[in-house]
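Got a minute to go through a fold together? Have a look at the chain first, and then we can ask how each label earns its place.

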Amino acid sequence: MPVQMTVTPESFPIAGSFTISRGSKTEAKVVTVRLTDGVHGGQGECVPYARYGETVESVVEVLTALVPEVAQGLDRVGLQDRLKPGAARNALDCAFWDLEAKRAGQPVWRLLGLQEPKPLSVTYTLSLGTPESMQAAAEKEAHRPLLKVKLGGEGDVERIRVVRAGAPNSAIIVDANEGWSLEQYKALAPVFLDLGVKLVEQPFPAGRDDALFGLDRVLPVCADESCHDTASLVSLRGKYDAVNIKLDKTGGLTEALLMRDAAVEAGFGIMVGCMVGTSLAMAPAFLVAQGAAFVDLDGPLLLARDREPGIAYDGAVMPLPPRGLWG
């Protein structure tokens, strides 16, 4: 039987709201791809991101157009050239991997020839807010070993000071989401180091980050919006110390694994991150994150409702995703 494909937009409520320098949201809008050959099924999820010109509607349109091609034999290998890196390819790539695993009766990690994955320690993200709200959030999550703090430019020093006061024993990484200037980096980096910050993500706008060349990066800098797939690594050399690999940017697990290996070979530190999505989006990224210095796969922890079955996080520990979910 030909492989049948369905494309479904879905929404999952966020616990409260999630705010970064570009705005706030109260729900995670995702697109789910489901495949079936009549016996076995596979599924994958993506989170369209407006920063990259994506909407739920545009991703659904791109994927729906592929339904006849999938029925006619388009597979995961052919998909890599059929779609560009991005959310749409991610959902379908991961659904293909899940279908392959179900057909083989083997987990994806074994199909890939990888060692059995181990539980991971994940970050917990504090969204951008007032110093008072961020301190309260830090106090609530002070038991976690690593906090990721969203920043917005003005007032960032005070935000980190109160987060440090609220969570004195947690390591901290910060995400500027392209919101800093060169002058702000130079002023903030030594202060943040004194406050125990380990790394800053994407301080400058993508495409306007050449100031990082030759900069004394006393606070290590991780590329996010500036890096998407393996091909983007060349332009990051000399500017960034680490890269944040997200499957919604790479266009799926297939490219994410290639990018990780190439980034390690090029000497970059590895962070594996996510958009705010469900456990279905985290499950493939779990494989990429094995051995990563920073694992930012906390999307389901920010939701008021996750998929069933979901990943059973135990505090900061992310265990192996259930096979009934993916892989």
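What follows is a set of questions and answers about the helices and strands of this predicted model.

Q: Why are helix 4 and helix 10 called roughly perpendicular to each other?
A: Helix 4 (residues 87-104) and helix 10 (residues 253-265) pack at an angle of about 95 degrees. The label covers angles of 65 to 115 degrees, so helix 4 and helix 10 count as roughly perpendicular. Their axes are 8 Å apart.

Q: What makes the meeting of helix 4 with helix 10 a contact?
A: Contact means heavy atoms within 4.5 Å. Arg89, Asn90, Asp93, Cys94 and Trp97 in helix 4 meet Leu253, Thr254 and Glu255 in helix 10. By type, the residues of this contact split into three nonpolar, two polar and three charged.

Q: Where else does helix 10 lie?
A: Helix 10 lies across strand 10 and strand 11, and runs at about 175 degrees to strand 10. Strand 10 (residues 242-245) and strand 11 (residues 269-272) pair in the parallel sense over four bridges, with asparagine 244 opposite methionine 271 in strand 11.

Q: How do you know that strand 6 is mostly covered?
A: Buried means under 20% relative accessible area, and five of the five residues of strand 6 (residues 146-150) are buried. Both faces are covered: Leu146, Lys148 and Lys150 sit on one side, while Leu147 and Val149 sit on the other. That split follows a general rule: in a regular strand the side chains alternate between the two faces of the sheet.

Q: What makes strand 5 and strand 6 a pair?
A: Two strands pair if there are at least two bridges between them. Strand 5 (residues 124-126) and strand 6 have three bridges, in the parallel sense. Leucine 126 stands opposite valine 149 in strand 6. The chain gets from strand 5 to strand 6 through helix 6 (residues 131-140), and this β-α-β crossover is right-handed.

Q: How many bridges join strand 6 to strand 7?
A: Five bridges join strand 6 to strand 7 (residues 171-175), and the two run parallel. Leucine 147 is opposite isoleucine 172 in strand 7. Isoleucine 172 also stands opposite valine 197 in strand 8.

Q: Why is strand 8 described as largely enclosed by the rest of the structure?
A: Four of the five residues of strand 8 (residues 197-201) are buried, so the description fits. Strand 8 pairs with strand 7 in the parallel sense over three bridges. Strand 7, helix 8 (residues 182-194) and strand 8 make a right-handed β-α-β unit. Two bridges join strand 8 to strand 9 (residues 221-223), which run parallel, and glutamate 201 stands opposite cysteine 222 in strand 9.

Q: What makes strand 5 and strand 12 the edge strands of the eight-stranded sheet?
A: Strand 5 and strand 12 (294-295) each pair on one side only. The sheet is open, has the order 5-6-7-8-9-10-11-12, and its pairing is parallel.

Q: How do you know that the pairing in the three-stranded sheet is antiparallel?
A: Take strand 1 and strand 2 (residues 23-36): 13 bridges join them, and they run antiparallel. Phenylalanine 12 has alanine 28 in strand 2 as its bridge partner. The open sheet has the order 1-2-3, and its edge strands are strand 1 (4-20) and strand 3 (41-46). Neighbouring strands are turned by 20 degrees against each other on average, direction ignored.

Q: Why is helix 7 called largely enclosed?
A: Eight of the eleven residues of helix 7 are buried, so the rest of the structure largely encloses it. Among them are Asp156, Val157, Arg159 and Ile160. The buried residues of helix 7 pack against strand 5, helix 6, strand 6, strand 7, helix 8 and strand 8. Helix 7 (residues 156-166) lies across strand 5, strand 6, strand 7 and strand 8, at about 155 degrees to strand 7.

Q: What makes helix 11 count as largely enclosed?
A: Ten of the ten residues of helix 11 (residues 279-288) are buried, so the rest of the structure largely encloses helix 11. The buried residues include Ser279, Pro284 and Phe286.

Terms used. Residues numbered from 1 in each chain as written. Predicted model: local features only at pLDDT ≥ 70, side-chain atom pairs only at ≥ 80, totals over all residues. Heavy atoms only, no water. Axes fitted to C-alpha atoms, helices over the stretch in contact; angles between N-to-C directions. Parallel < 35°, antiparallel > 145°, perpendicular 65-115°, else oblique. Nonpolar A, V, L, I, M, F, W, Y, C, P; charged D, E, K, R; others polar. Buried < 20%, exposed > 50% of the residue type's maximum accessible area, 1.4 Å probe, protein only. Right-handed = clockwise from strand over helix to strand, strands pointing away.
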